[in-house]
Amino acid sequence: ALEQGVDAIGPIPADRWDTDRFYSVSPQQPGRMSTRWGGFIDHVDAFDAAFFGISARVAEQMDPQQRLLLEVCWEALEDAGIVPADLAGGRTGVFV
């Protein structure tokens, strides 16, 4: 996004929640939001929970950023040519 100058902020996708139901022009109104915009991850429902040994129920409760982190860490291992199974039982950790 930085390299391409992409603006990652856009309207709240209709499939996320009913914006009109929660929107208020007053930022002080409890339980309401005062914007119709945000940063959203596309294809948030495409996460392969079973691949990571996570139940569908737990995956549904996870923050999409956690899902993305798992995918990026896995890609980093692949890009480095590291076989994850070779790390089992070793002194390896991922720190973010």
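1. At a relative accessibility of 57%, Gly39 counts as exposed, because the cut-off for that class is over 50%. This value, like the others in this note, comes from a predicted model. Gly39 belongs to strand β2.

2. Which residues does Gly39 contact, leaving aside its neighbours within four places in sequence? They are Ala8 and Ile9. Gly10 is also of interest here: Gly39 and Gly10 are 29 residues apart in sequence, while their C-alpha atoms are 6.4 Å apart in space.

3. The largest nonpolar core consists of five residues, namely Phe47, Ala49, Ile54, Ala59 and Met62. In soluble globular proteins, nonpolar side chains tend to be buried together. Within this core, Met62 touches Ile54. Met62 also touches Arg67 and Leu70, when residues up to four places away in sequence are not counted.

4. The structure contains five aromatic pairs. One of them joins Phe51 and Phe52: the ring centres are 5.0 Å apart and the planes meet at 85°, so the pair is edge-to-face, a term that applies to angles over 60 degrees. Phe51 has a relative accessibility of 45% and therefore counts as partly exposed. Phe52, with a relative accessible area of 23%, is partly exposed as well.

5. Phe52 also pairs with Trp74; here the ring centres lie 6.3 Å apart and the planes stand at 90°, so this pair is edge-to-face. The pair links distant parts of the chain, since Phe52 is in the loop between β2 (37-39) and α2 (56-61), and Trp74 is in helix α3, 22 residues apart. Trp74 counts as partly exposed because its relative accessibility is 29%. Through ring pairs, Phe47, Phe51, Phe52 and Trp74 are linked into a cluster. Phe47 thus appears in two groupings, as a member of the largest nonpolar core and of this ring cluster.

6. The largest pocket has a volume of about 180 Å³. Its lining is made up of Phe51, Phe52, Leu70, Cys73, Trp74, Leu77, Leu87, Thr92, Gly93 and Val94. Phe51, Phe52 and Trp74 are therefore part of the ring cluster and also of the pocket lining. Leu70, which Met62 touches, is another lining residue.

7. Which helix gives the most to the lining of the largest pocket? Helix α3 (residues 64-79) does, with four residues. By class, the lining holds eight nonpolar and two polar residues, and no charged ones.

How values were computed. Residues numbered from 1 in each chain as written. Predicted model: local features only at pLDDT ≥ 70, side-chain atom pairs only at ≥ 80, totals over all residues. Heavy atoms only, no water. 1 Å grid on protein atoms, 1.4 Å probe; cavity = no way out; pocket = protein on both sides within 12 Å on 5 of 7 lines; lining within 4 Å. Points joined across faces, edges and corners; volume = space filled by probe spheres on them. Helix = DSSP H or I, 4+ residues; strand = E, 2+ residues; numbered from the N terminus. Nonpolar A, V, L, I, M, F, W, Y, C, P; charged D, E, K, R; others polar. Core = buried A, V, L, I, M, F, W, Y, C linked by side-chain atoms within 4.5 Å. Buried < 20%, exposed > 50% of the residue type's maximum accessible area, 1.4 Å probe, protein only. Contact = heavy atoms within 4.5 Å. Phe/Tyr/Trp six-rings, centres within 6.5 Å; stacked < 30°, edge-to-face > 60°.
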